[in-house]
Amino acid sequence: MKTETKRQDREFIAGTYGRFDLELVSGKGSLVYDENGKEYIDMQTGIAVNTLGLCDDEWVKAVTEQLTRVQHTSNLYYSSPCATLASLLSERTGCKKTFFSNSGAEANECAIKTARKWALDNKGEGYYNIITLKNSFHGRTITTLAATGQDVFHTTFNPFTEGFLYGEANNIDSIKALCKENKCCAVMMELVQGEGGVMALDKSFVDGVAALCNEYNMLLVIDEVQTGNGRSGSLYAFQHYGIAPDIVTTAKGLGGGLPIGATMFFDKTENTLTAGTHGSTFGGNPIACAGAINILKRIDDKLLSGVKERSEYIIKELSGAEGIKSVSGLGLMLGIETEKDASSVIKYCMENGVLPIKAKNKVRLLPALNIPMELLEKAVKVIKDAAKGE
Ligand SMILES: *Cc1c(COP(=O)(O)O)cnc(C)c1O
């Protein structure tokens with residue numbers, strides 16, 4: 001690790017991140033390299049962002065072609081990459097319309113604004129409450145922190161945005177009670193809680209929430225910022241669960257490495273946002289959209305069955321292995337609970353050329369959806385060794 005980079009980082013970058021002592025300077029597919037040329041198998045993809053790995057040829061071509069044509073025009077004008085991406089999302093999900101932004105937090109912010117406007121238009125005054133789940137994560141803005149159902153995020157920045165109520169994951173009675181006692185417009189949740197510890201919700205709970213949304217005339221908002229874009233083994237995790245949400249948000253993996261957020265509106269919400277009610281300078285940026293079109297087109301049935309195969313392989317190998325207590329999650333979004341402290345397992349992996357990350361007390365695996373089997377086998381072997389006793 002270059003001492004000059006470290007010095008500049010510490011001196012000039014806001015101290016919000018605890019970084020690993022590592023800089024990744026290049027990569028190809030699922031292999032990444034530090035400045036000394038040491039090779040690592042990438043099991044984190046920049047937190048579920050580099051969907052098809054690093055510097056994938058087709059993606060680079062799509063992005064550079066757009067880059068040499070026009071990099072940005074603003075939302076004052078039409079843009080074909082943006083329009084094409086929206087129509088692709090509609091075709092693949094059944095959504096009617098999409099709003100584009102630049103991050104997960106913004107995609108969720110847009111969903112929250114839409115849910116409140118929808119309630120005002122359709123239910124009248126006062127139905128501003130949104131039910132989210134304990135242990136969720138929805139972003140870092142004041143409002144999306146308020147939506148995040150973890151007390152640790154609700155200090156320091158008071159006052160937070162009002163109108164969020166927290167139910168318990170997999171406890172339908174706790175959601176029912178909140179619906180009964182409050183005037184609500186929506187339930188917003190992740191189907192696999194990512195930052196909260198890679199916990200997939202029970203199908204019966206998700207069905208129960210969908211039924212409550214019908215009963216109480218509330219919107220079902222699914223945060224697929226992390227689960228989306230093939231990560232779950234389906235294009236979107238709501239398709240795996242077989243539910244019909246009213247709003248779906250996504251970001252992370254959509255652009256394959258470029259910043260983009262999307263808020264997708266289904267039948268009930270397609271006309272809620274009207275001229276002047278929302279906007280974004282960078283949202284729908286042509287380069288990010290060109291990358292996303294390439295990624296989305298390539299997440300086909302073949303790739304998705306590959307995700308499932310890889311997922312099953314990891315689960316089979318790691319479940320019950322020495323030092324491993326449990327494996328949770330869905331598709332290629334997996335959490336490994338180890339007897340040893342997760343940080344020490346991650347440290348061993350890094351020393352031995354494998355890069356996983358953490359989620360709460362778990363080792364989290366988020367490899368590229370197309371990681372070659374032989375690299376996955378190598379990585380799993382290192383993780384097994386790392387989890388073993390001394
Ligand atoms: C990462 C994440 C976000 C926040 O996304 P940013 O792009 O960091 O703003 C929101 N929701 C979920 C489920 C996430 O995993």
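1. A residue counts as partly exposed when its relative accessible area lies between the buried limit of under 20% and the exposed limit of over 50%. By that yardstick C55, at 39% relative accessibility, is partly exposed. Please keep in mind throughout that this is a predicted model. C55 sits in the loop between α2 (45-48) and α3, and its phi is near 50°, a positive value in a residue other than glycine. Most residues other than glycine have a negative phi, so this is a nice spot to look at in your viewer.

2. A second backbone point of this kind is N170. This residue has a positive phi of about 60° although it is not a glycine. N170 lies in the loop between β6 and α7 (172-181), and with a relative accessible area of 33% it is partly exposed.

3. While you are checking the backbone, have a look at P159 too. The peptide bond that leads from N158 to P159 is cis, with omega near 0°. Most peptide bonds are trans. P159 belongs to the loop between α6 (142-147) and β6 (164-167).

4. Now to the strands, beginning with β7 (residues 184-189). How many of its six residues are buried? Six of the six are, so the strand is largely enclosed by the rest of the structure. On one hand β7 pairs with strand β5 (residues 129-133) in the parallel sense, over three bridges, and here C184 of β7 is the bridge partner of N129. β7 is also joined by four bridges to strand β10 (residues 219-223), again running parallel; in this pairing M188 stands opposite V221 of β10.

5. From β10 you can carry on to strand β11. Three bridges join β10 to β11, and the two run parallel, with V248 of β11 as the bridge partner of I222. What changes with β12 is the sense of pairing: β11 and strand β12 (residues 261-265) are antiparallel, over four bridges. V248 appears here as well, standing opposite M264 in β12. As for burial, strand β11 (residues 247-250) is covered on both faces: I247 and T249 are buried on one side, V248 and T250 on the other.

6. There is also an open sheet of four strands, in the order β1-β2-β3-β15 and with mixed pairing. Its edges are β1 (24-28) and β15 (354-355); each has a single partner strand, so one side of each is left without a neighbour in the sheet. The link between strand β3 (residues 39-42) and β15 is parallel and made over two bridges, and I41 has V354 of β15 as its bridge partner.

7. V354 turns up again in the surroundings of I383. This isoleucine is in helix α13 (residues 373-387). Buried or exposed? At 1% relative accessibility, I383 counts as buried. Apart from its neighbours within four places in sequence, I383 is in contact with L318, C349, V354 and L365. For orientation, I383 and Q226 are 22 Å apart in space, C-alpha to C-alpha, with their positions 157 residues apart in sequence.

8. Two helix pairs deserve a look, and the α3 and α10 pair comes up here. The axes of helix α3 (residues 57-67) and helix α10 (residues 286-298) come within 8 Å and cross at roughly 150°. An angle over 145 degrees counts as roughly antiparallel, and α3 and α10 are therefore roughly antiparallel to each other. Their crossing is right-handed. On the α3 side, E58, W59, A62, V63, Q66 and L67 take part, meeting P286, I287, A290, G291, N294, I295 and R298 of α10. By class, the residues of this contact divide into eight nonpolar, three polar and two charged.

9. The other pair is α7 with helix α8 (residues 203-215), whose axes come within 10 Å and cross at roughly 15°. That makes α7 roughly parallel to α8. The crossing of α7 and α8 is right-handed. In α7, the residues I172, I175, K176 and C179 meet F205, G208, V209 and L212 of α8. This contact of α7 with α8 has six nonpolar residues, one polar and one charged.

Technical notes. Residues numbered from 1 in each chain as written. Predicted model: local features only at pLDDT ≥ 70, side-chain atom pairs only at ≥ 80, totals over all residues. Heavy atoms only, no water. Buried < 20%, exposed > 50% of the residue type's maximum accessible area, 1.4 Å probe, protein only. Contact = heavy atoms within 4.5 Å. Axes fitted to C-alpha atoms, helices over the stretch in contact; angles between N-to-C directions. Parallel < 35°, antiparallel > 145°, perpendicular 65-115°, else oblique. Left-handed = near helix turned anticlockwise from the far one by under 90°. Nonpolar A, V, L, I, M, F, W, Y, C, P; charged D, E, K, R; others polar. Pairing = 2+ DSSP bridges.
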